[in-house]
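User: I would like to learn how to read a protein model. Could you take me through some features one at a time?

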Amino acid sequence: MLRCYVSLTAPAARRFTRGFSAVSTPVSTDSRIDSQVAANLMQIGIRRIFDHEHDMYRELCRRFYTQEVVPYHQKWEEEGQVDRKLWNKAGKEGMLCVTVPEQYGGANLDALYAAVHWEEQSYSGSSGPGFMLHSEIVAPYIVHFGTEEQKQKWLPGMCTGDIITAIAMTEPNVGSDLANMQTSAVKKGDEYIINGSKTYITNGYLSDMVIVCAKTDPSKGAKGISLFLVDTKTKGFNKGRKLKKMGMKAQDTCELFFEDMVVHKSCLLGEENKGFIYLMTELPQERILVGDQALASAEACFELTRTFVSERKAFGSTISALQTVKHTMASLKTEICVARNFADRCIELLKDNKLDNQSASMAKYWLTDLQSKVADACVQLHGGAGYMLEYPVARHFIDGRVSRIYGGSNEIMKELISRSIFEKKK
Ligand SMILES: Cc1cc2nc3c(=O)[nH]c(=O)nc-3n(C[C@H](O)[C@H](O)[C@H](O)COP(=O)(O)OP(=O)(O)OC[C@H]3O[C@@H](n4cnc5c(N)ncnc54)[C@H](O)[C@@H]3O)c2cc1C
């Protein structure tokens with residue numbers, strides 16, 4: 001039995017360890033190396049924040065993406081969504097909602113496991129599955145603010161992949177300025193009547209349950225927002241079209257419309273009018289998730305490019321022999337590895353429940369900007385091949401672009417960071 005699974009109940013441990021067969025040689029915590037001295041930035045067994053059990057989970061995730069996702073991704077891009085069965089496959093492998101407590105079907109593991117999964121998704125270059133939004137953004141809201149009844153109702157199905165979830169904050173006229181959202185929830189007896197619309201909702205088309213953000217007190221701005229756990233089969237809940245995007249084409253991003261949608265008061269998450277506080281509490285996790293996925297994408301781009309320039313010939317030798325190419329690669333590696341240090345520190349803080357808003361905002365803004373810069377340079381180093389979708393670096397380039405926009409745009413991140421610089425210390 002693996003060391004860290006000793007505390008799990010037998011079914012949870014079985015569920016989680018299924019598929020762990022060809023495990024790499026254990027690397028003790030003392031002898032782990034940093035990524036800058038590793039042979040490959042995506043190497044398993046490096047980085048001091050992880051231990052051998054995390055490596056084993058990484059192997060599981062890597063195998064899953066290589067075998068179950070990458071070969072089908074292009075087909076899903078054409079269809080605008082992944083196959084629903086993929087969600088159950090991931091659930092069966094114990095890859096959904098790993099941090100959810102065991103009594104609700106999760107594995108109660110630390111946030112480092114979540115990070116391993118989101119990095120492996122980025123390394124594989126497959127942006128389709130909306131697992132991370134479901135497992136590491138939606139599930140924590142229910143774990144932290146849900147009633148026992150809500151936890152029992154939604155979490156077990158979320159862990160198996162039978163229930164797919166989304167969170168709906170953005171509206172056609174309101175994104176960054178969330179406090180101004182227009183969707184309303186009017187209380188009538190034991191029920192709320194919700195009207196409004198949302199847009200750009202990840203997992204929206206496949207979703208079975210959506211956390212809907214709505215105004216319960218329109219006179220109060222941010223202090224009038226509440227969150228509702230809404231079954232998408234509820235009368236008045238309408239899914240719009242799947243939106244045609246520049247990248248992330250296999251991810252079902254869609255519009256949602258609520259027309260006199262009646263939900264029972266038991267659907268309210270936490271307390272009425274506390275929604276904005278809940279959003280602010282959970283956003284640091286979303287931000288390091290987006291930031292670290294972006295950094296992992298930059299690491300993948302770097303490795304793809306290292307291979308390409310080492311094989312591509314021009315003027316009698318490989319282009320990796322050209323000084324300009326060598327220096328570009330040296331700069332990219334330096335920036336990635338410096339960023340990796342800060343990102344790993346933030347992931348560690350997340351694991352210890354100490355990640356603050358300022359650090360998470362810095363990570364999100366810096367790492368996503370870096371991803372764009374690295375992906376752009378790597379496309380350039382691939383020449384014409386870099387513009388061809390059959391080369392994964394092209395996908396990293398287009399899929400990664402959104403990371404500077406969603407999860408709070410990078411301009412909003414700077415706004416948040418600046419507040420912490422100038423706020424009066426008590
Ligand atoms: C692929 C994708 C998936 C998404 N998934 C979800 C999801 O699952 N759920 C969800 O609720 N939302 C989702 N979103 C929405 C996303 O979070 C918003 O697009 C984002 O917050 C920006 O809001 P906006 O598009 O309304 O832009 P706006 O808020 O209109 O901003 C437009 C521009 O103005 C800038 N700006 C705005 N305010 C300021 C300011 N105060 N200072 C400086 N600059 C400012 C912005 O940075 C941006 O550059 C998704 C978006 C995309 C593209």
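Analyst: What follows goes through a few helices, one residue and the ligand shell. The model is predicted: local features need pLDDT of at least 70, side-chain atom pairs count only at pLDDT 80 or more, and totals for chains, interfaces and linings use all residues. Residues are numbered from 1 along each chain as its sequence is written.

User: What span should helix α5 have, and how far apart are its end C-alpha atoms?

Analyst: Helices are DSSP runs of H or I with at least four residues, strands are runs of E with at least two, and both are numbered from the N terminus. The expected span is 1.5 Å times one less than the number of residues. Helix α5 (residues 111–124) has 14 residues and should span 20 Å; its end C-alpha atoms are 20 Å apart, so the two agree. After α5 comes glycine 125, with a positive phi near 70°.

User: Is α5 largely enclosed or not, and why?

Analyst: A residue is buried if 20 or more other C-beta atoms, placed from the backbone, lie within 10 Å of its own, exposed if 12 or fewer, and partly exposed in between. In α5, 14 of the 14 residues are buried, so the rest of the structure largely encloses this helix. The same test applies to leucine 367, which is in helix α10. Leucine 367 has 28 C-beta neighbours inside 10 Å and therefore counts as buried.

User: At what angle do α8 and α10 cross?

Analyst: Axes are lines fitted to C-alpha atoms, for helices over the stretch in contact, and angles run from 0 to 180 degrees between N-to-C directions. Under 35 degrees counts as roughly parallel, over 145 as roughly antiparallel, 65 to 115 as roughly perpendicular, and the rest as oblique. The axes of α8 (residues 275–311) and α10 (residues 357–382) come within 8 Å and cross at roughly 20°, so these helices are roughly parallel. By contrast, α5 and α8 pack at about 40° with axes 8 Å apart, and are therefore oblique.

User: Which residues are closest to the ligand, and how many surround it?

Analyst: A residue is near a molecule if its C-beta atom, placed from the backbone, lies within 6 Å of it. Here 22 residues surround the ligand, and the closest are Met169, Gly175, Ser176, Ser409 and Glu411. The elements giving two or more residues to this shell are β1 (165–168), β3 (191–201) and α12 (410–422).
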